[in-house]
Each structure stands twice: as structure tokens, then as C-alpha cells.
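Reader: I would like a close look at a single part of this chain, with enough of the whole to place that part. Please keep the account plain.

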Amino acid sequence: MKTSAPTDHDDLRQALRALCAEFPADYHRRHGAAGTHPEDFIGALTRAGWLAAMIPEDYGGSGLGLTEASIVMEEINRSGGNAGHCHGQMYNMGTLLRHGSEAQKRLYLPKIASGALRLQSMAVTEPTTGTDTTRLKTTAVRKGDRYVVSGQKVWISRIQHSDLMILLARTTPLAEVKRKSQGLSVFLVELKDAIGKGMEVRPIENMVGHETNEVFFDNLEIPAENLIGEEGSGFRYILDGLNAERTLIAAECIGDGYWFLDKACAYANERVVFDRPIGQNQGIQFPLARAYVNVEAANLMRFEACRRFDAHEECGAQANMAKLLAADASWQAANECLQVHGGFGFADEYDVERKFRETRLYQVAPISTNLILSYVAEHVLGLPRSF
Ligand SMILES: Cc1cc2nc3c(=O)[nH]c(=O)nc-3n(C[C@H](O)[C@H](O)[C@H](O)COP(=O)(O)OP(=O)(O)OC[C@H]3O[C@@H](n4cnc5c(N)ncnc54)[C@H](O)[C@@H]3O)c2cc1C
């Protein structure tokens, strides 16, 4: 399928397509049905260096930008896979890269680049506060050369397939800060030193086969040197990372959108009902054409968000808009693809129902559509703050 994506990454795309082709649809279908982690696939991506794309060459990575990282994610989803199993490392990396100390970067980045360590997990969301992040209740209290963490998180993904986790916790009580975004800090948690020693992990079964968990902290001790950046400035660091996360998720949705359209068009050309391919009917053509138009438009915003992020320009609006446009476009493409397949769309072996469930997640996570609209209303249109 033709797209208006820039052509200067064709070599990157070809390399990824060759790797992804080694893991055909039935591989992802099997893992999707069993709810298991596609370890061979993630291992192959790691060994090929793709999950270290954003680590600078000085630390053993490939030194690529968000643009290239987003193409890695897009191609995984476009091949029929689910980048949700590994996308954490791409955006968590940014927090360490942009705000970590030289000592932290020297200690961790080369090991992440070689695949010896995985940084796949980020713990922000809490059960009682949800999207109202600055009110989160997990605390980290400094005691000598350690921080002691207590509280609870929910929906924390990939812990069981990660060695390191980024944690956002409150270090100064809300009542003692001028702005609610102050007093939050970011830590790098070494999971082998934490699980069973003050940190408990309980898996959550869910509709997208995504490894995600409830997490409980009961006086977990973290060495003070695992604080990232300055104490109290963590919310800003997380927001920086979230722009990368939103843009990468947009790219995954775009990969999904093209996958659904490829699949729908192939079926519409081949399925004959009333003596003609169903794709000959404009009732079938127009919804697919409209879905394609929307995926293409979202793709342009995604590349603009990437460009700004890589140039260290302000990119909050573009990252949010790319996420909303791409999530809507992939969901629309998913619906049309299911519709075009008629009854067969519901059969596991066509993969449509699995991808349909997987792409639905992005209306809600990592940020819901309403919250993006609220961001645009307030920060771009200058409308009054609503909460
Ligand atoms: C599979 C999965 C994986 C996840 N992985 C992670 C992870 O690794 N790390 C992590 O930290 N989090 C993770 N999350 C959490 C995810 O980021 C949140 O679910 C998401 O941000 C929404 O928060 P919430 O579920 O608390 O919804 P809530 O904040 O409770 O909101 C519920 C609904 O109300 C709407 N709403 C809330 N306030 C307003 C308002 N003022 N105006 C209009 N509408 C409003 C929201 O848009 C949403 O639709 C994951 C979630 C899922 C489902």
C-alpha cells in the first residue's frame, strides 16, 4: 500500500520487515491466544539492536532519533505484531538519557544496549488517582543514603519482562508545595533488589494479552543514587518522556491502521458475493478510502511530532494530536476491516479480532482521548482550565 511517509528510511523499514517476516501471523496469534510473552521476537529485536535505537553510540547504542524509533514500532505493528510488548524501553530510555547523571548512564545504558538489561517498565498510574497524576499517593522518604517507598500502583506493564523500572513517587507532601506538579521524583528501581523485598507484583488478566500488573510497595528501600535528576522535579521529566511515548504509540496505531487496510483491501478484492468482488461496491470502498485518508493525515502529524522532539523543540501539542489522530484512525480502520470481513472477521485465524482488541487500547492508554482534548483546549486554544 502506498503511503506519503518520507522515503528516507526505506533501508530501515526493509531491515525491520525482514526481521518481522521471521515471525509470521500464526506466531503472534499463538502468543495472543495464550496471553504469553513473544520472547523469541523481542529477543531477536534486542539482538539486532532495534530496542536500543535511541541510545547514543557513546553508550553502545545506534544513536538514532525518535523518528527512527517510531518506525521500528510502526513496522512491528504493521507486520501483525504488537509493539506493546516492548515499546516501554524506547520511551523510558528518554528519562534516563535526558535527565540521568553521567554515572547512571555509564552504568546502565551499555548494558541496555547489549540486551543484558531491559528497561521496559514505568510505574506512574495509581488506582485511586488515575489520570490526576500529581495527586498520586505513593511516597518516597529519604532516610540516610536510601529512599523508603510505600504505596500502590496499577496497570504497570512488562515488569515480569524487565530488569529496571522507572518509578514516580511523591518526595514532598502535596500540602507543602506551591504547585501540585512539584515534589514528585523519579527513581530507577532494580527489580531483582525490589520484588519480594518491599515490592509485590500481582498480574492483571486483560483483553489485550498485555503483561500488566498491580504493584504494592511496603517500605521498599531504594539507594539514593537511583534518584534520577533533582529531587522534586520528576513530574517534568516524566512529561518529557510522555511526549515520546505518545508519539511512539501514534506510530504503532499507524502501523495498525495500514495493517487493517492491507488486510481489508485484500479480502475485499478476493471475496465474491452476488457475482462480484465485494470491493467493487462503493458501500465497501468509501469507508476504506476514508479510513486510509485519516491514517495518512495522522501519519503527517506523527512525523512532525518526531521532527520537533528530535530537534529539542516544544512538541507537546503535536505529540498529543498525533496520538489522538492515529488512535482514532486505527480504530476506524479496525472497525471497517472487521465489517468488510463479515463473519470471518470474528474467527481467530484471520487475526482481525486480535488486532481489533489490541488497537482499542489506545483510546484509553497511555492517555485517554478526553484528556488529550482537554490538553489541546487549555494549552493550545487558551480556554479556561477545567480541572
Ligand atoms: C493495558 C494497559 C497498560 C497500561 N500500562 C501502564 C504502564 O505501564 N504504566 C502506567 O503508569 N500506566 C499504565 N496504564 C494506565 C493508563 O495510562 C491509564 O489507564 C490511563 O491513563 C487512564 O487512566 P485511568 O485508567 O486511571 O482512568 P481515569 O483517570 O479513572 O479516567 C476514566 C475515564 O474518565 C475520563 N475522564 C477522567 N477525567 C476526565 C475529565 N476531567 N474530563 C473528561 N473525561 C475525564 C478519562 O478520559 C477516562 O476515559 C496502562 C493501562 C492499560 C489498560
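Author: What follows goes from the whole chain to one annotated segment and then to one hairpin.

The model is a predicted one. Its protein chain has 12 helices and 10 strands. Along its principal axes, the C-alpha trace spans about 80 × 50 × 40 Å. A compact globule of 387 residues would have a radius of gyration near 21 Å, and the protein chain has 21 Å, so the two agree. Of the 387 residues, 46% are buried, that is, they have 20 or more other C-beta atoms within 10 Å of their own. Among contacts with a separation of 6 or more, 74% join residues 24 or more positions apart.

The part to look at is the segment of residues 121-219, which an unreviewed UniProt entry annotates as "domain: Acyl-CoA oxidase/dehydrogenase middle". Over residues 121-219 the chain is 47% strand and 4% helix. The end C-alpha atoms of this segment are 20 Å apart.

Within the residue range of that annotation, strand 2 covers residues 139-143 and strand 3 covers residues 146-157. The two strands pair in the antiparallel sense, over five bridges. One position to pick out on screen is Val 141, which stands opposite Val 148 in strand 3. In a regular strand the side chains alternate between the two faces of the sheet.

Strand 2 and strand 3 form a hairpin with two residues between the strands. In that hairpin, Gly 144 takes a positive phi near 65°.

How values were computed: Residues numbered from 1 in each chain as written. Predicted model: local features only at pLDDT ≥ 70, side-chain atom pairs only at ≥ 80, totals over all residues. Rg over C-alpha atoms; globule rule 2.2 N^0.38 Å. Buried ≥ 20, exposed ≤ 12 C-beta atoms within 10 Å, placed from the backbone. Contact = placed C-beta atoms within 7 Å. UniProt positions renumbered as here; feature names shortened; annotations may be inferred. Pairing = 2+ DSSP bridges.
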